[in-house]
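Subject: Structure handover

Hello,

Here is the structure you asked to go through. Please open it first, then read the notes below it.

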There are 4 protein chains.
Amino acid sequence: MAVTGAPELLIVMGAAATAEQIDDVVTRLQEAGCDALVTPGREATVIGAIGERELLAALPLEGYAGVEQVLPILKPYKLVSRELSPDPTVIEARGRRIGDGYFGFIAGPCTVEYREQTMETARAVAAAGVTMLRGGAFKPRTSPYTFQGLGNEALEILAEAREETGLPLVTELMDPRHVEQVVDTTDVIQIGARNMSNFSLLEEVGRARKPVLLKRGPSSTVEELLMAAEYIVKEGNSQVILCERGIKTFEPSMRYTLDIGAIPVLKQETHLPVIVDPSHAAGKRDYVPSLAHAGMAAGAHGVIVEVHYNPSEAQCDGPQALLPEVFKELMVQLKQVAAVCKEEFVEAGELAHA
Amino acid sequence: MAVTGAPELLIVMGAAATAEQIDDVVTRLQEAGCDALVTPGREATVIGAIGERELLAALPLEGYAGVEQVLPILKPYKLVSRELSPDPTVIEARGRRIGDGYFGFIAGPCTVEYREQTMETARAVAAAGVTMLRGGAFKPRTSPYTFQGLGNEALEILAEAREETGLPLVTELMDPRHVEQVVDTTDVIQIGARNMSNFSLLEEVGRARKPVLLKRGPSSTVEELLMAAEYIVKEGNSQVILCERGIKTFEPSMRYTLDIGAIPVLKQETHLPVIVDPSHAAGKRDYVPSLAHAGMAAGAHGVIVEVHYNPSEAQCDGPQALLPEVFKELMVQLKQVAAVCKEEFVEAGELAHA
Amino acid sequence: MAVTGAPELLIVMGAAATAEQIDDVVTRLQEAGCDALVTPGREATVIGAIGERELLAALPLEGYAGVEQVLPILKPYKLVSRELSPDPTVIEARGRRIGDGYFGFIAGPCTVEYREQTMETARAVAAAGVTMLRGGAFKPRTSPYTFQGLGNEALEILAEAREETGLPLVTELMDPRHVEQVVDTTDVIQIGARNMSNFSLLEEVGRARKPVLLKRGPSSTVEELLMAAEYIVKEGNSQVILCERGIKTFEPSMRYTLDIGAIPVLKQETHLPVIVDPSHAAGKRDYVPSLAHAGMAAGAHGVIVEVHYNPSEAQCDGPQALLPEVFKELMVQLKQVAAVCKEEFVEAGELAHA
Amino acid sequence: MAVTGAPELLIVMGAAATAEQIDDVVTRLQEAGCDALVTPGREATVIGAIGERELLAALPLEGYAGVEQVLPILKPYKLVSRELSPDPTVIEARGRRIGDGYFGFIAGPCTVEYREQTMETARAVAAAGVTMLRGGAFKPRTSPYTFQGLGNEALEILAEAREETGLPLVTELMDPRHVEQVVDTTDVIQIGARNMSNFSLLEEVGRARKPVLLKRGPSSTVEELLMAAEYIVKEGNSQVILCERGIKTFEPSMRYTLDIGAIPVLKQETHLPVIVDPSHAAGKRDYVPSLAHAGMAAGAHGVIVEVHYNPSEAQCDGPQALLPEVFKELMVQLKQVAAVCKEEFVEAGELAHA
């Protein structure tokens, strides 16, 4: 019974709970290697559960007879938590960094459509000074009748763009069966919003030796995003960048509602870097700069933006893609916003001593 | 110019759109094998786009220069649409049916935990007269520290339960790499809510020769659910049961908000059968009967309910599991509700002539 | 120290809270006539606050220095709570009852438009056997350019309809300056969804001697609805009917998402009767019967439905109004559903001995 | 038939609509002084409705027989629309301005609690250089048991604070019966989020000769906010400041989700100034600066922030109140953010030539 300290969880036993039920909960906690602190009362008895949070998480407390509520005091995540690991994580790929004062500007087309489109766009964003190049090879699309990406052919085009520009690549992995080819080609593996709760995929990239860009699901809470990151880190890969990209709400004026509050909450809760995707939230290019400004001002470590050298020809998400020259100007402003908002500022993503 | 008929989409050109931009949109529609009907105006020009909806879906209209809005008139799904295929689909597995007057009562434990738990629960629900047996082998869980299912061992236990009870099995497939073993064992493949937009998985089960139970994602619209079903049917598998199981809203009193309105909407839009999962929506057993009643009264073709012979020992979702005797009584009431609410009623799920 | 019993609230002091801050919270609780139970810990100290819930509600605990979280154990409402007043409330108006086995069927036009429209519709719903007649005199409308109701003229027409049919009237009060004229005319005062948090208006009807039909705001939680009812009851008027009419969510297929789960939650939490408004939730008449069925099946004490003798002429909400003959058939089914779903059934709303 | 130009609305007639129904819709449009453009089709006929938007808004088109959908092309608001009145509105009170390059910093206590608290806080925010002083006299509170404001006594204390500091006052009006006393005392009338759809109150302040600060309801769309402003402007008062203060979503980490995207949408749609309330959205002071930064970066014309000289004693919203010295530092940063984000910058709210 070396367990001491404050409760992680408070278990409220209903007014009708019997003494046996209370004893039973205590016994189960003790059998699991945890401890219990009982505060009896007339209308409700409260049991404080003390122990390692993995042990407590494994107990189906809410199902125990007589239990009315389980009130968490500590958060359910551990490895990603700033409380347990206060030092900020810095992600590095091909000499570019994101996190802890290194701001990441990731840009490129939504999807690789054909060689020229990708090469031209890659050259333009490289000239604008971005940190990494994004581009989709496999695209999750709501309709089976829309363009689904070029697959392996796209990976080859992206590799060529990296070769020429020197930029690290960010591309999405959708299917555990593509792990090998995507991990081989890319520098940062993107897990898209629709796959944030695809736990098989999370475990798979948790075993990869490449950084992961994890996008928040459009109906996932910040806590669920952190638990998804915990899946990856628990498998041994602590190189995770979190990305807020908008949640589903009743408001129709943008495609999603960018949850700007998630930035300060995540920065308080975790040591992992946090970036913002203004393009998918807005769904419309006119709104992208304002959302990007807001993200940086709220404290994000960077942005990921869709850029296309000819948006009206884009097969996917054309209305939200910026022209390269607009993006270039945006980057200048974003660096200024970041400078004002007081994260110590380092040249965008490049190794100071490179 | 063989294309006739009414527009599927209305394309509103912004006030600033030029004549060239309008011509360009028309040309692109025509090149894609569609037709265009232009209504010019002072402040906005409206182009009606006429053609096959797959052709139109493949065009990234919203990105074209000058386009302000794209207003759909017809729905984006086709194969699952009642408009195109008015006859209701009936799903059959081991002689049990769901759809078009056949009501399905699917019950069993959330997760297979150990042999006795599954066998005892299976016997109890079989005795209550259910249509199919549910039970999870692979469990998607928010926390990596909670019980994740027994995997293949669970599939063996389920096969034994089927052998003894004669009930068809429903179990979840989470990972395209498990397709073979899950499809071999189960009678109905469940796609869980978190995987509704896992399009690789949808295509995979679209190629399987077993019925699919497709759960609505907690932040997916009814239209997105129908598009997910379209992915499956498009691959050749038209045996799909849709399941409403609650959506994410601001209301905290239940785990999810059961979208009861989805039942009449789905019944109007599609020929596929629609069932309700009151257990995951409620998250608490006290509320399960009311939600199940409501689902049947709204016109659902059945329910899927978690039952456990000893809920306070359950590794997963114990608080929402019903005891077998409560479930048995619930089934009696549900049949009465269904009878009142006027779908022509056939003995629950069994072949009349079996 | 006469205060005993279990805590109503648990106050979690942050890891950095000092002994002085803990003492300070305890002192403030004691000064307010409450008591405190301190459970010290290494990482967090938990203070159980014991006392009358009005006293505790008046304390701004979350602002006290060192406080990290305030976790409620008991609910914040009191007078409306079933826990404190287990006997179900029955509302009576002109000999018609709603609640505790008396089912209320309230129907009529959205808005009084002209004499004939109201009289014809009133006669039709009276013939169908409804419990009460609804009709709006003052209409809250999103656009200032739409029809806003006839005001006092409408009240006169409604009075005539009551005179002829004998049905009690339900009409909406929007403005505290109309209290007198509305209360004089009507038998049940409706507080519309947009005014659920108009606390001045709630207090005003709390002082009236007429029953109140309180609609849930489209973004209000069940708990907020109960607190709104508490405002009314606290002023002395305990004749309150609660009405679920749909909440705002991301789902666009109906105007609102009917929160069917609110019915069993409300029935568990409060002794007040609960009804459902399927018309405003659906926004489209085709869906109204399914939602009404679901509401009754979930345990509601009745429904309020918009009926119009000529919906295509309606000034307001025509698309959701039922024709009188459809409504009549619906009522028959609703009584059957209610009978199955096991509230003890009494002839719709009429005094048994009348 | 002088009506020309493009349609404001497209009316889609269902596949089953008869020629008579189509003619009937056209006739009704013409009788209302509008015009109709019919595009017949095999599956659906589309009628473009042309005319003044007030005239069209007054027609209950969706209820007409045969109508399936009404698709708006132009927005339903008019007087608040930037399209119709491109010049930005500047609000002025006691020589301080907000809008079109004038940034407003409004600060003060949530509620007037007692004289010293208000005076001390007012002096502190005046010293920090704010544009206006906020403070509540009448407080809408979810629970009837919490502090409801001092009412008229508070108005007197606020008047004294204005007298001493020279700052214009912003205070909330909750009840049309308080119009006279609130309008007499205050310089800017605040309509709180819960009253955004209290149309009686909107019309009342539309007749007042003081600027109005209109807060968005937590479940109101941006379009509904603009329609609420239209109510005020339509009555003759064009001095309206819009305020985004967070919407209700499923995310629990803050009290509300600040809809940062509303800022660029509102700035595009309306000529009225737009500010942000980070305090009510966050509910917790640690997050207030990040949200305020984000709001300014997104293009807001100012912020309204709760400041208290002793937050742990605050009767209301203490956890979200900033200390005066923190607020002072925040203001410096906000001006820098605004400068970067490219609204032309004028000294905060003061008349340049005053």
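B:Cys316 is buried, with a relative accessible area of 4% (buried means under 20% relative accessible area, exposed over 50%, and partly exposed in between, using a 1.4 Å probe and protein chains only). B:Cys316 is in no disulfide, a disulfide being a pair of cysteine sulfur atoms within 2.5 Å. The nearest cysteine sulfur to B:Cys316 belongs to B:Cys110 and is 3.1 Å away. B:Cys34 is buried as well, at a relative accessible area of 3%. Why is B:Cys34 without a bond to another cysteine? The closest cysteine sulfur, in A:Cys316, is 19 Å from the sulfur of B:Cys34, so it is too far for a bond. Over all chains, the structure holds 0 disulfides.

Before the rest, some conventions. This is a predicted model, in which local features need pLDDT of at least 70 and side-chain atom pairs count only at pLDDT 80 or more, while totals for chains, interfaces and linings use all residues. Residues are numbered from 1 along each chain as its sequence is written, chains are lettered from A and ligands numbered from 1 in the order in which they are written, and side-chain values use heavy atoms, with hydrogens and water left out.

Chains B and C

Two copies of a chain are related by a rotation about an axis and a shift along it. For chain B and chain C, a turn of 180° and a shift of 0.0 Å along the axis lay one on the other with an RMSD of 0.0 Å. This is the relation of a two-fold axis. The superposition is by least squares on the C-alpha atoms of residues with pLDDT of at least 70 in both copies. Within chain B, B:Ala294 has the C-alpha nearest the axis, at 2.0 Å.

The contact (heavy atoms within 4.5 Å) takes 37 residues from chain B and 37 residues from chain C. Of the interface residues of chain B, 100% are also interface residues in chain C, so the copies meet through the same surface.

The size of an interface is often given as the accessible area lost when the parts come together. Here buried area is the accessible area (1.4 Å probe) that two parts lose on being put together, summed over both. Chain B and chain C bury about 2,800 Å² between them, with 68% of it on carbon and sulfur atoms. On the chain B side, B:Phe250, B:Tyr287 and B:Val340 lose the most area to chain C, together 19% of what that side buries.

There are 2 salt bridges between chain B and chain C, a salt bridge being a side-chain nitrogen of Lys or Arg within 4 Å of a carboxyl oxygen of Asp or Glu. B:Arg216 and C:Glu251 form a salt bridge through their side chains, at 2.8 Å from N to O. Polar contact joins 6 residue pairs between chain B and chain C, both residues at pLDDT 80 or more. A polar contact is a pair of N or O atoms within 3.5 Å; within protein, one must be able to donate a hydrogen and the other to accept it, and residues adjacent in sequence count only if both atoms are side-chain atoms.

Chains D and C

Chain D superposes on chain C by a rotation of 180° with 0.0 Å of shift along its axis (RMSD 0.0 Å). In chain D, the C-alpha nearest the axis is that of D:Ser219, 2.7 Å from it. How many residues of chain D are in contact with chain C? The contact involves 48 residues of chain D and 48 residues of chain C. Chain D and chain C bury about 4,100 Å² between them, of which carbon and sulfur atoms give 54%. D:Pro144, D:Tyr145 and D:Arg177 lose the most area to chain C on the chain D side, together 17% of what that side buries.

This interface has 6 salt bridges. C:Glu313 and D:Arg28 form a salt bridge, with their closest N and O atoms 3.1 Å apart. There are also 21 residue pairs in polar contact between chain D and chain C, both residues at pLDDT 80 or more.

Regards
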